[in-house]
Amino acid sequence: MKVEPPDGDVTRLWGRVRGGVPGYYHQQNAGKRNISIDLRAAGAKDLVFELIRHADVLIENYRPDVMPRLGLGWETLRALNPRLVMLSISGFGRDGPESHRPAYAPIVHAETGLVDRARRRGRIPPRDLPLSVADTNASLHGLVALLSAIILRERTGLGSTSTSR
């Protein structure tokens, strides 16, 4: 189940629309059930707690301070569901000097030099890459951590948390 903010996931606006659904959004969310929750609204935390009680895995990509500030930090969620496996993906890590900076793929592409490299090699004006190298790498590394945590849970009966960036 995918939890989206009341305005919806921004990727609902990306790609050619087919059958009323933009292509990028459909590709990233095929087979998912969606629910919209304003995590700051009264009662939202209780709804999330109910979902967590029945969840196997939680994947989130907020800055490291956001989930605890919302009352949804790892210790709180683990108390509700000791078998929960949680993956946190952030742009700049969990506790480094830039960990509280928001990040989107174009920011990561620029800061790692990928945008400049593409500009120099293609002799083109600077612009973002035509695919999200940052998101692809973060998700693949996150998947490895997530699968490892699931294997560990099957051996110990307890969930765990992992971080990818």
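## Salt bridges

A salt bridge is counted here when a side-chain nitrogen of Lys or Arg lies within 4 Å of a carboxyl oxygen of Asp or Glu. The structure is a predicted model, and by this rule it holds 12 salt bridges. One of them joins Glu111 to Arg101, with the closest N and O atoms 2.6 Å apart. This pair links distant parts of the chain, since Glu111 belongs to helix α5 (residues 105–111) while Arg101 sits in the loop between β6 (85–89) and α5, 10 residues apart. Glu111 has a relative accessible area of 47%, so it is partly exposed. Arg101 is partly exposed as well, at 30%.

Arg12 forms another salt bridge, with Glu4, and here the closest N and O atoms are 2.9 Å apart. The two partners fall into separate accessibility classes: Arg12 is partly exposed at 37% relative accessibility, whereas Glu4 is buried at 5%. The side chains of Glu154 and Arg153 also meet in a salt bridge, 3.6 Å from N to O. Glu154 counts as exposed because its relative accessible area is 52%, and the cut-off for that class is over 50%. Arg153 has a relative accessible area of 5% and is therefore buried. Elsewhere, a network of salt bridges links Arg63, Asp65 and Arg69.

## Arg101 and the ring of Phe92

Arg101 has a further contact besides its salt bridge with Glu111. The charged end of Arg101 sits over the ring of Phe92, at 4.3 Å from the ring centre.

## The aromatic pair

The structure contains 1 aromatic pair. Trp14 and Tyr24 form this pair, with 5.2 Å from centre to centre and 55 degrees between the planes, which makes it tilted. Trp14 is in the loop between β1 and β2, and Tyr24 is in helix α1 (residues 23–29), so the contact ties together parts that are 10 residues apart in sequence. Both rings belong to partly exposed residues: Trp14 has a relative accessible area of 41%, and Tyr24 has 28% relative accessibility.

## A nonpolar surface patch

Trp14 also takes part in a nonpolar surface patch, which it makes together with Val10 and Leu13. The area of this patch is about 340 Å². Val10 is located in the loop between β1 (2–4) and β2 (17–18). With a relative accessible area of 47%, Val10 is partly exposed.

## Strands β5 and β6

Is β6 enclosed by the rest of the structure or open? Of its 5 residues, 5 are buried, so β6 is largely enclosed by the rest of the structure. Val85, Leu87 and Ile89 point one way from the strand, Met86 and Ser88 point the other way, and all are buried.

Strand β5 (residues 57–60) runs parallel to β6, and 4 bridges join the two. Within this pairing, Leu58 stands opposite Met86 in β6. The two faces of β5 differ in cover: Leu58 and Glu60 make up the covered face, and Val57 and Ile59 the uncovered one. Leu58 is thus named both on the covered face of β5 and opposite Met86.

## Two exposed arginines in loops

Arg123 lies in the loop between α6 (114–122) and α7 (133–156). The phi angle of Arg123 is near 50 degrees, a positive value in a residue other than glycine. At 77% relative accessibility, Arg123 counts as exposed.

Arg40 is found in the loop between β4 (34–36) and α2 (44–53). Arg40 is exposed too, with 71% relative accessibility. Which residue, 30 residues apart from Arg40 along the chain, has its C-alpha atom 7.2 Å from that of Arg40? That residue is Leu70.

Notes:
Residues are numbered from 1 along each chain as its sequence is written. This is a predicted model: local features need pLDDT of at least 70, side-chain atom pairs count only at pLDDT 80 or more; totals for chains, interfaces and linings use all residues. Side-chain values use heavy atoms; hydrogens and water are left out. Buried means under 20% relative accessible area, exposed over 50%, partly exposed in between (1.4 Å probe, protein chains only). Patches are made of residues with over 30% relative accessible area and no salt bridge: like charges are joined within 9 Å, nonpolar side chains (Val, Leu, Ile, Met, Phe, Trp, Tyr) within 5 Å. Accessible areas come from the Shrake-Rupley method with a 1.4 Å probe; for residues, only the protein chains shown count as cover. Rings of Phe, Tyr and Trp (its six-membered ring) pair if their centres lie within 6.5 Å; planes under 30 degrees apart count as stacked, over 60 as edge-to-face and the rest as tilted. A charge sits over a ring if NZ of Lys or CZ of Arg is within 6 Å of the ring centre and within 35 degrees of the ring normal. Two strands pair if DSSP finds at least two bridges between them.
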